[in-house]
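Open the model in your viewer and show side chains. This tour moves from helix packing to charged pairs.

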Amino acid sequence: MGAHPPTTTPVPTGTPGSGPTGGQSQDGLQAGLKNRHLSMIAIGGVIGAGLFVGSGAGIAAAGPGILLSYALTGLLVVLVMRMLGEMAAASPTSGSFSAYADRALGRWAGFTIGWLYWFFWSVVLAVEATAAAAILTGWVPAVPQWAWALLVMIVLTGTNLVSVGSFGEFEFWFAGIKVVAIVVFIVIGALAIFGLPPGGSPVGTENLTGHGGFLPHGPGAILSGMLLVVFSFMGSEIVTLAASESPNPVQAVRKAVNSVIWRIALFYIGSIAVIVTLLPWNSKAVEKSPYVAVLESLDIPYAGTVMDVVVLTAVLSCLNSGLYTASRMAFSLGQRGDAPKSFATVNKGGVPAVAIWASVAFGFIATIFSYTSKDTIFQFLLNSSGAVALFVWLVICLSQLRMRRVIERETPERLTVRMWLYPWLTYATIALIVFVIGYMFYNPEGRQQMVLSVVAAVVVLAVGLILDRRRPRETAAAEAAGAPGVAARPADRG
């Protein structure tokens, strides 16, 4: 099958913490991301548009107990990010977990999870473009919604094509606005909770324990809430892809991994705690738009407009980073021979232009379907990519189990980030992910999404296995024809 045994896994040599030289990353991409770009990508990467627009459904499903759903999911992300950080600090690469799966589990694993991840983010492009267009149409109804979707896609495609620094600059300001908005929201909410302006008297715990109690739908609602919020955490891993295009990738990865705990605790758990403490969980306004509902309850002027601006920023940030992430994964797949070779080429700005155009083309097609076939083809795309986050996290765990032993044996000096309580905590994380996947099959609301996602994964895996069987014959034929170096894959070179 072409799997790469852990005993021969190559780990790049060099001084730990050293960055690429000559303005180029180890992958051949331009190392144009500054430290401030990576810091903000790491901080803002966990704040997806789903936090602002999707948290209401979670609160309605679990009541105040949604805090436990966010805490459990956040713990899962922290553990997975620690494992990914361990591998990324030892070997920074634009392929991130896909490249590590390739080395640790076999080529089939890297191929499958890489293409599934690309598929996920390419569908996200359509989701975010449509969401941005809906907001902009509300402001300027004279412009058709499809025209706004087209415009935002063109603008952000352009920024990604110019240079990675251009992407980083846009993301720096997009993420900055999200971070400031959440911090201001939490501060205002905390003041109101304790009875300080802009609130009135202290609210106490009435909204947490009243209205049916802390778990009005029972303990099982915690798991139902997890299914609704788990995918809003997708994006935490982007910094490990982006780090390879920075002057000091190891330091960037280490910093991002070490800060993930407080980022999740503050932005997710902190802001949701403010919502369920200040307002009844079963309020219709909370289910529709929880952040706006809180601000309006405190008589904050123009609350709806302010949150529209914040949500638009979050949507554009997700679109911008989604295009970047999809293109870098496609670039890495091209480097490893698992995608067309043209995907691995870069333009004068040092960015993978072909990979960007390929990702954006799929995003454009999906966007068209979001208008022409919203309840059929587009819904199928959404459902078949919905559980990719869980697949990615599971593959990261399995890869880390094997890569850790390889790194310890071959280049122990590169083990600058370590997974806690290895391997037992890794096993526990795998068990939790498998449990959540199993619960999705059991839960009627998550079953269709999981079934279609598994079907998509099986199809991609089958393609990978077929290609893997053909490669030895193609390689042998090329060697017989006298083509040197064909057998050496980029991922296997020292």
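**Stop 1: H6 and H7**

Select helix H6 (residues 107-139) and helix H7 (residues 145-162): their axes come within 8 Å and cross at roughly 125°. That makes H6 oblique to H7, because oblique covers angles that are not under 35 degrees (roughly parallel), over 145 (roughly antiparallel) or 65 to 115 (roughly perpendicular). Axes here are lines fitted to C-alpha atoms, for helices over the stretch in contact, and angles run from 0 to 180 degrees between N-to-C directions. Helices are DSSP runs (H or I, at least four residues), numbered from the N terminus.

This is a predicted model: local features need pLDDT of at least 70, side-chain atom pairs count only at pLDDT 80 or more, and totals for chains, interfaces and linings use all residues. Residues are numbered from 1 along each chain as its sequence is written, and side-chain values use heavy atoms, without hydrogens and water.

Now show the contact (heavy atoms within 4.5 Å). From H6, pick Leu125, Ala129, Thr130, Ala133, Ala134, Leu136 and Thr137; from H7, pick Gln145, Trp148, Ala149, Val152 and Met153. Nine of these residues are nonpolar, three are polar and none is charged. Nonpolar means Ala, Val, Leu, Ile, Met, Phe, Trp, Tyr, Cys and Pro; charged means Asp, Glu, Lys and Arg; the others, Gly among them, are polar.

**Stop 2: H18 and H19**

Next, select helix H18 (residues 388-410) and helix H19 (residues 424-442), which pack at about 155° with axes 10 Å apart. H18 is therefore roughly antiparallel to H19. Their contact holds 14 nonpolar, three polar and no charged residues.

**Stop 3: Salt bridges**

How many salt bridges does a search of the whole structure find? The count is six. Each one needs a side-chain nitrogen of Lys or Arg within 4 Å of a carboxyl oxygen of Asp or Glu.

Start with glutamate 86 and arginine 404, paired at 2.8 Å, N to O. Glutamate 86 lies in helix H4 (residues 66-90) and arginine 404 in helix H18, so the bridge ties together parts 318 residues apart in sequence. Glutamate 86 is buried (under 20% relative accessible area; over 50% is exposed, partly exposed in between; 1.4 Å probe, protein chains only), at 1%. Arginine 404 is also buried, at 6%. Add Glu408: a network of salt bridges links Glu86, Arg404 and Glu408.

Move to arginine 336 and aspartate 102, a salt bridge at 3.6 Å, N to O. Finish on glutamate 245 and arginine 328, which meet at 2.9 Å, N to O. Both glutamate 245 and arginine 328 are buried.

Note on methods: Helix = DSSP H or I, 4+ residues; strand = E, 2+ residues; numbered from the N terminus.
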